[in-house]
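Colleague: Can you put the model up? I have some short questions.

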Amino acid sequence: MTEGSRTGILKRQSPGRIIAAGFVVLIFLGSLLLMLPCSVREGVEVRYLDMLYTSTSAVCVTGLAVVDFGSTFTAVGKVILALLVQVGGLGVTAVGAGIIIAIGKRVDLKTRDMVRESMNMGTRKGVVLFVRDIFFTTVLFEISGAVLSFFVFIKKYPIPEAVGYSLFHAIAAFNNSGMDIFGSGENLMSYRDDVLLNVVTCGMTALGGIGFLVIREVWSKRFRWKKFSMHTKVVLSVSFSLMISGTLLLKMTEKISWLGAFFYSVSARTAGFSTYPLREFSNGGVIVLLVLMFIGASPGSTGGGIKTSTLFVLIQGVRKAATNKAEKGFHYAIPENAFRKASVVTMLSAAVIIGGTFGMAVLEPDMELKDLLFEITSAFATVGLSVGITPELCDGSKILSICIMYIGRLGPLTVASLWHYTKGERIRYPEGNISIG
């Protein structure tokens with residue numbers, strides 16, 4: 001196959017297919033790099049499936065672990081993990097476009113379309129400037145988070161280790177990946193009472209979760225609420241409401257501190273860091289976490305879930321059906337097709353979780369259904385929280401979880417549309433009648 005024919009095939013593919021393929025390539029490349037002798041500690045034996053799972057968890061910014069990162073990987077392996085999380089969080093296309101810009105090349109229209117789709121931009125106009133803003137914002141926030149985290153880790157580790165832990169934690173937090181490299185699988189439980197680290201982690205997670213579009217608009221409009229677009233107002237208001245309501249509900253259901261309740265209210269919406277053992281949570285607390293995980297972060301962010309804007313549109317659509325009042329928010333009318341798209345995303349997401357839970361229940365008959373549902377929801381929403389069953393999964397369950405994480409990172413609607421990319425049907429059928437409700 002000539003270079004021209006390969007280029008022609010690439011141009012005929014939809015942006016969604018190219019993005020999906022890019023993530024697959026990155027996952028497999030990451031798994032091979034993690035298998036290298038320089039990545040694994042001497043005397044530690046690893047299986048390829050476990051490294052494939054780890055690479056998927058990093059690229060899909062999930063954080064679920066089938067091996068202990070701290071005791072398995074060398075410094076080189078941990079650097080590879082951090083790079084996979086960084087590229088996976090920002091998106092393959094955004095990183096690719098950033099490299100093109102950095103070397104002084106022109107970003108073509110196809111690449112602009114891919115960045116636009118991956119970041120949920122309405123137009124390709126200003127894509128190059130937006131990519132530059134993404135990299136500047138990421139570097140600024142991650143360095144700031146690393147510096148603040150350093151003051152915590154320096155109390156326990158030598159300077160070189162403290163610097164490494166600070167940088168890795170900042171990258172994991174901003175990209176909403178709950179990975180930790182401390183070892184022993186305790187995550188941040190030994191820091192549950194450290195106010196600085198809890199606040200820094202929550203702040204980094206929240207900033208990464210609201211999306212680059214929102215961060216850019218808030219900064220450019222100098223934090224003036226009245227000048228914000230409808231999207232920014234929806235994301236900020238829903239995110240804040242979920243933080244507060246999640247904190248109150250978790251404090252009501254669990255015997256944890258207010259700081260712990262707030263931390264989990266933020267972390268459950270795709271970050272995946274833990275400060276309390278989830279196995280000790282009550283059924284009520286688990287339900288709260290499941291809901292928060294399912295909702296997730298916001299469009300164009302480093303997080304997963306159905307997204308905050310989807311929840312807002314669903315609520316307004318139900319409100320319209322119940323009261324016959326117009327769908328609106330913040331003095332704007334909601335687009336006509338928004339409720340239909342939000343409903344499709346929610347139904348597909350629920351179908352993936354239900355199907356995944358059923359599949360894992362078949363593969364893991366001895367595990368509790370509640371634990372399996374929690375595991376699959378965490379994988380789909382790219383959260384990384386677990387009740388501790390991840391290392392115990394059989395090979396079939398690990399492969400299933402890999403697929404669920406991949407679908408969750410791309411989005412179920414994007415995955416569903418990969419197989420059918422046309423300009424639409426030309427034939428129109430007469431409208432039928434069907435009873436609803």
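Modeller: What follows is a short chat about the fold, a surface patch and one helix. This is a predicted model.

Colleague: How many helices and strands are there in the protein chain?

Modeller: The protein chain has 19 helices and two strands.

Colleague: And what percentage of the residues is buried?

Modeller: Of the 437 residues in the protein chain, 53% are buried.

Colleague: What about the surface, how much area does the chain expose?

Modeller: About 21600 Å² is exposed, and carbon and sulfur atoms supply 65% of that.

Colleague: Which residues form the nonpolar patch on the surface?

Modeller: The patch is formed by Val139, Ile143, Val147, Leu148, Phe151 and Leu196. Together they have about 510 Å² of accessible area.

Colleague: Which helix gives the most to the patch?

Modeller: Helix H8, residues 127–153, gives the most, with five residues. Leu148 lies in that helix, H8.

Colleague: Is Leu148 buried, partly exposed or exposed, and why?

Modeller: Leu148 counts as partly exposed because its relative accessible area is 37%, and that class lies between under 20% for buried and over 50% for exposed.

Colleague: New topic: helix H12. How far does H12 reach?

Modeller: Helix H12 covers residues 230–253, which is 24 residues. From its first C-alpha to its last, H12 reaches 34 Å, close to the 34 Å expected at 1.5 Å a residue.

Colleague: Which residues of H12 are buried?

Modeller: Among them are Met230, Val234, Val235, Val238, Leu242, Met243 and Leu250. The buried residues of H12 also include Lys233, Ser239 and Gly246.

Colleague: Last one: what share of the contacts between residues at least 6 apart in sequence joins residues at least 24 apart?

Modeller: In the protein chain, that share is 69%.

Definitions and conventions: Residues are numbered from 1 along each chain as its sequence is written. This is a predicted model: local features need pLDDT of at least 70, side-chain atom pairs count only at pLDDT 80 or more; totals for chains, interfaces and linings use all residues. Side-chain values use heavy atoms; hydrogens and water are left out. Patches are made of residues with over 30% relative accessible area and no salt bridge: like charges are joined within 9 Å, nonpolar side chains (Val, Leu, Ile, Met, Phe, Trp, Tyr) within 5 Å. Accessible areas come from the Shrake-Rupley method with a 1.4 Å probe; for residues, only the protein chains shown count as cover. A salt bridge is a side-chain nitrogen of Lys or Arg within 4 Å of a carboxyl oxygen of Asp or Glu. Helices (H or I, at least four residues) and strands (E, at least two) are DSSP runs, numbered from the N terminus. Buried means under 20% relative accessible area, exposed over 50%, partly exposed in between (1.4 Å probe, protein chains only). The expected span of a helix is 1.5 Å times one less than its number of residues. Contact means heavy atoms within 4.5 Å.
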